[in-house]
Amino acid sequence: MPVKPVVVVTRKLPDSIETRMMELFDVRLNLADSPMSQAQLIAAVKTCDVLVPTVTDRIDASVLSQAGERLRLIASFGTGVDHIDLKTARQRNITVTNTPGVLTEDTADMTMALILAVPRRLTEGERLMRSGTWAGWSPTSMLGQRIWGKRLGIIGMGRIGSAVARRARGFGLAVHYHNRRRVHPSVEAELEATYWESLDQMLARMDIISVNCPHTPATYHLLSARRLKLLPRHSYIVNTSRGEVVDENALTRMLEKSGIAGAGLDVFEHEPAVNPKLLKLDNVVLLPHMGSATIEGRMDMGEKVIINIKTFSDGHKPPDRVLETMF
Ligand code: 8YV
């Protein structure tokens, strides 16, 4: 790899991150911030040493198979890597890195915000105020569901799931979880978390479900139409992970017919598209994939990308290598 590798960054990053990148690398920025088409991505991978994509880019086999010999590193700006074909990258000897850890607390905060917002009808109340039709306080208006004492079922007890569990305890929620592997007993004890080997059994007994697992082939539509039907009618779902983990159409049907009480969604199956029927429902809170959207988080993510590229171009193993076997 050349001393100053050619680095293509697919979206606009914070100014100071771009400035540092310009000092260190031969960088091609996207100042207009327009999402790149597949043809533009292919053109980019033909000429660069390093690609810095985000969740809005699909780095699939058709892109990677047209990459030039010099493409050696994909330093993704983000933690999720479901937009990158890891197998093809490995076959072509392209290293992939991500930015884990630095967006954990922000994403957990947003998850907690949705856990509070949906049962307490936060955005519904806000819409009422803005409509100018609020008739004043009444003992029976805008009643929601109490949070304290309810059961929270976390799907995916990784970094973010654990950070959600820590917050949830402060709100008096009983923490339950399902994970591919049971977490260490000391972590379970710290989080006072109850493990469910069977996702189906956990779903049937929870008041609130939080989706915090990555999207992989194994978790695609993990919350399928069948599993959604297991949820109690009074329960809520919050998803700050990836839209693909939940069958969005089935969820919408469930919400329409009050099969569950509500949903808080920060992610969608076909972003930026959203099932238009969801927009019509009062019992959902919808956010535009902003779980990790803090200034500090974006700076930290950018720093991680820079460290990964610099370490790699200096001939060392970058700290945040992603291996297929991790998923
Ligand atoms: C990021 C995310 O904003 O890091 C992730 O996996 O989902 C988001 O919080 C986005 O992916 C950046 O590419």
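This passage describes the ligand site, the cysteines, and the pockets and cavities of a predicted model. Local features were considered only at pLDDT of at least 70 and side-chain atom pairs only at pLDDT 80 or more, whereas totals for chains, interfaces and linings use all residues. Residues are numbered from 1 along each chain as its sequence is written, and side-chain values rest on heavy atoms, with hydrogens and water left out.

The shell around the ligand is formed by Thr54, Val55, Phe77, Gly78, Thr79, Gly80, Leu103, Arg242, His289, Ser292 and Arg298, a residue being counted as near if one of its heavy atoms lies within 4 Å. By class, this shell comprises 3 nonpolar, 6 polar and 2 charged residues; Ala, Val, Leu, Ile, Met, Phe, Trp, Tyr, Cys and Pro count as nonpolar, Asp, Glu, Lys and Arg as charged, and the others, Gly among them, as polar. Oxygen atoms of the ligand are approached by both backbone and side-chain atoms: a backbone N or O atom of Phe77 lies 2.6 Å from one, and a polar side-chain atom of His289 lies 2.9 Å from one. For Arg298, a side-chain N or O atom is found 3.2 Å from an oxygen atom of the ligand. The ligand taken alone exposes 330 Å², of which the protein buries 89%; the areas come from the Shrake-Rupley method with a 1.4 Å probe.

The structure contains 0 disulfides, a disulfide being a pair of cysteine sulfur atoms within 2.5 Å. Cys48 is buried, with 0% relative accessibility, and Cys213 is likewise buried, at 9%; the term denotes under 20% relative accessible area, computed with a 1.4 Å probe and protein chains only.

Empty space was examined on a 1 Å grid over the protein atoms alone, where a cavity is a set of points at which a 1.4 Å probe fits but cannot get out, and a pocket is an open set with protein on both sides within 12 Å along at least five of seven lines; lining residues have an atom within 4 Å of a point. Volumes are the space filled by probe spheres set on the points. The second largest pocket has a volume of about 250 Å³. Its lining has 13 residues, with Gly125, Leu128, Trp134, Ser141 and Met142 nearest the centre.

The structure also holds 2 cavities of 30 Å³ or more. The largest cavity encloses about 50 Å³, and its lining includes Pro119, Gln145, Arg146, Asp207 and Tyr236. That lining divides into 4 nonpolar, 2 polar and 3 charged residues. The second largest cavity, of about 40 Å³, is bordered by Asn239, Gly243, Val246, Glu248, Leu251, Leu265 and Val267.

Definitions and conventions
A polar contact is a pair of N or O atoms within 3.5 Å; within protein, one must be able to donate a hydrogen and the other to accept it, and residues adjacent in sequence count only if both atoms are side-chain atoms. Buried means under 20% relative accessible area, exposed over 50%, partly exposed in between (1.4 Å probe, protein chains only).
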